[in-house]
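The following note is offered to a colleague who is meeting this structure for the first time. The points below may be read alongside the sequence and the model.

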Amino acid sequence: METADCWALLARASAVHLAIDGDGRGPTVRPVNGVVHDGALWFHGSPRGEKIAGLGRPALVCAHENVAEIPSHFRDPERACPATTLYESVELRGVLEEVTDLHAKAAGLQALMRRFQPEGGHAPVDADDPRYRSAVRGLLVARVRPESLVGKRKLMQDRPLDHVLPVLAGLWRRGRAGDLEALERIRAAHPARPVPEFLRGPDGATLCCAPGPRDAAPAVALVRDQYWIRGSSDETLAAALAGSAAWVCARPPGGGPGDVIATARAISDGRRSAWIYDVAVAEGQRARGLGTALLRLLLDHPRLRAVERVNLQTRDAQRFYARMGFQVIQLQHDAMRREAARR
């Protein structure tokens with residue numbers, strides 16, 4: 001793994017494991033809530049206990065993230081051998097050192113607050129603030145600066161395509177929480193960027209079953225001026241995309257995260273009912289079958305494929321949706337709506 005990716009894993013890990021040299025008694029291993037700050041891994045704790053005994057000694061910080069568990073039958077109907085786990089892991093080695101400068105301690109504590117309470121709701125931690133002076137002096141703040149930082153990524157990047165494609169198809173079929181994100185991470189890590197059949201769009205376009213944060217702004221740009229969007233801010237539209245049960249997009253040939261030429265999303269309970277929203281194709285990409293390919297992917301999404309009733313509303317695209325099996329219906333009851341107060 002590249003150094004930046006190692007730091008990114010340490011930064012997003014909900015907890016890391018700290019192993020301290022036990023001075024002949026074997027290592028002491030403890031989970032800690034850490035934060036990446038000023039080129040080191042920082043954490044805080046009580047001024048008494050095992051961490052104090054480890055100050056000044058070699059330390060190892062480990063973070064591990066399981067990406068997906070791959071069952072053997074994704075690739076072989078009989079043998080157990082292909083079963084494996086895909087993951088990323090990082091080891092940071094250095095010396096456990098206490099931070100004694102009060103302003104540096106306060107900065108480290110404030111970094112921890114930003115990490116674990118990002119919404120704020122508190123006065124900034126300042127060593128000169130009488131509200132924090134005693135706490136800053138009394139808490140242990142420690143860090144491990146990297147003497148070495150090594151990351152390992154196992155995402156099938158060294159496997160041939162005939163091994164990778166069945167796994168991508170298996171993740172799509174299984175559709176558990178995290179499977180679609182894992183599918184896209186495998187594709188991104190593989191040098192050949194394999195495109196399974198269900199993600200192939202017309203004219204070399206590629207479909208994406210798990211768009212990420214970088215895709216939100218260009219997707220919002222496609223829908224913000226559509227007739228069904230009434231006064232919603234870009235922030236609201238981006239939050240709607242991220243909060244949808246299913247969101248898919250399309251990329252141009254050779255495109256990557258942030259390149260979006262079509263988007264569609266849905267909300268769903270997974271079994272009884274789903275609603276499709278915000279289907280949009282970039283103006284220069286229409287009438288090529290891209291909308292059909294994207295809607296087909298959305299309808300086969302794990303959160304929609306078993307749903308009994310998929311709904312949508314349109315005032316001008318009935319013929320398009322009819323080709324996908326949709327029918328015009330008359331509502332049996334009066335529709336009702338409650339508008340949230342504008343803030």
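**Note on charged pairs, a helix, cysteines and backbone angles**

1. A salt bridge joins the side chains of D129 and R131, with N and O 2.8 Å apart; the term denotes a side-chain nitrogen of Lys or Arg within 4 Å of a carboxyl oxygen of Asp or Glu. D129 is buried, at a relative accessible area of 13%, whereas R131 is exposed, at 62%. Here buried means under 20% relative accessible area, exposed means over 50%, and partly exposed lies in between, with a 1.4 Å probe and protein chains only.

2. On the basis of the note: the model is predicted, so local features need pLDDT of at least 70 and side-chain atom pairs count only at pLDDT 80 or more, while totals for chains, interfaces and linings use all residues. Residues are numbered from 1 along each chain as its sequence is written, and side-chain values use heavy atoms, with hydrogens and water left out.

3. How many salt bridges does the structure hold? The total is 20. One of them is formed by D215 and R251, whose closest N and O atoms are 2.7 Å apart. D215 lies in the loop between β9 (206-208) and α7 (216-223), and R251 lies in strand β10 (residues 246-251), so the pair ties together parts 36 residues apart in sequence. Helices (H or I, at least four residues) and strands (E, at least two) are DSSP runs, numbered from the N terminus. D215 is buried, at 1% relative accessibility, and R251 is also buried, at 9%.

4. Salt bridges that share partners join D5, R12, E65, E88, R153 and R185 into one network. Within this group, the side chains of R185 and E88 meet at 3.4 Å, N to O. This pair links distant parts of the chain, with R185 in helix α6 and E88 in strand β6 (residues 84-98), 97 residues apart. R185 is partly exposed, at 27% relative accessibility, whereas E88 is buried, at 5%.

5. K105, found in helix α3 (residues 102-116), deserves separate attention. Which side chain of opposite charge is nearest to K105? It is E98, 5.4 Å away; K105 is buried yet has no salt bridge. For charge, Lys and Arg count as positive and Asp and Glu as negative, while His and the chain ends are not counted. A polar atom of the K105 side chain does lie 2.8 Å from the backbone oxygen of L139. Leaving aside neighbours within four places in sequence, K105 is in contact (heavy atoms within 4.5 Å) with V99, T100, V136, R137, L139 and V141.

6. Helix α5 (residues 161-174) has 14 residues, which at 1.5 Å a residue should span 20 Å; the end C-alpha atoms are 20 Å apart, in agreement. The expected span is 1.5 Å times one less than the number of residues. The buried residues of α5 are H163, V164, V167, L168, G170, L171 and W172. An α-helix has 3.6 residues a turn, so residues three or four places apart point the same way. The buried residues of α5 pack against β5 (58-70), α6 (179-189) and α9 (290-299). After α5 comes G175, with a positive phi near 65°.

7. The cysteines form no disulfides: the count is 0, a disulfide being a pair of cysteine sulfur atoms within 2.5 Å. Why is C208 not bonded to C249? The sulfur of C249 is the closest cysteine sulfur to that of C208, but at 4.3 Å it is too far for a bond. For C249, likewise in no disulfide, the nearest cysteine sulfur is that of C208. C208 is buried, with a relative accessible area of 2%, and C249 is buried, with 0%.

8. Two further residues have a positive phi although neither is a glycine: D38, at about 55°, and R193, at about 45°. D38 lies in the loop between β3 (35-37) and β4 (40-45) and is exposed, with a relative accessible area of 53%. R193 is placed in the loop between α6 and β9 and is partly exposed, with a relative accessible area of 35%.

Methods. A polar contact is a pair of N or O atoms within 3.5 Å; within protein, one must be able to donate a hydrogen and the other to accept it, and residues adjacent in sequence count only if both atoms are side-chain atoms.
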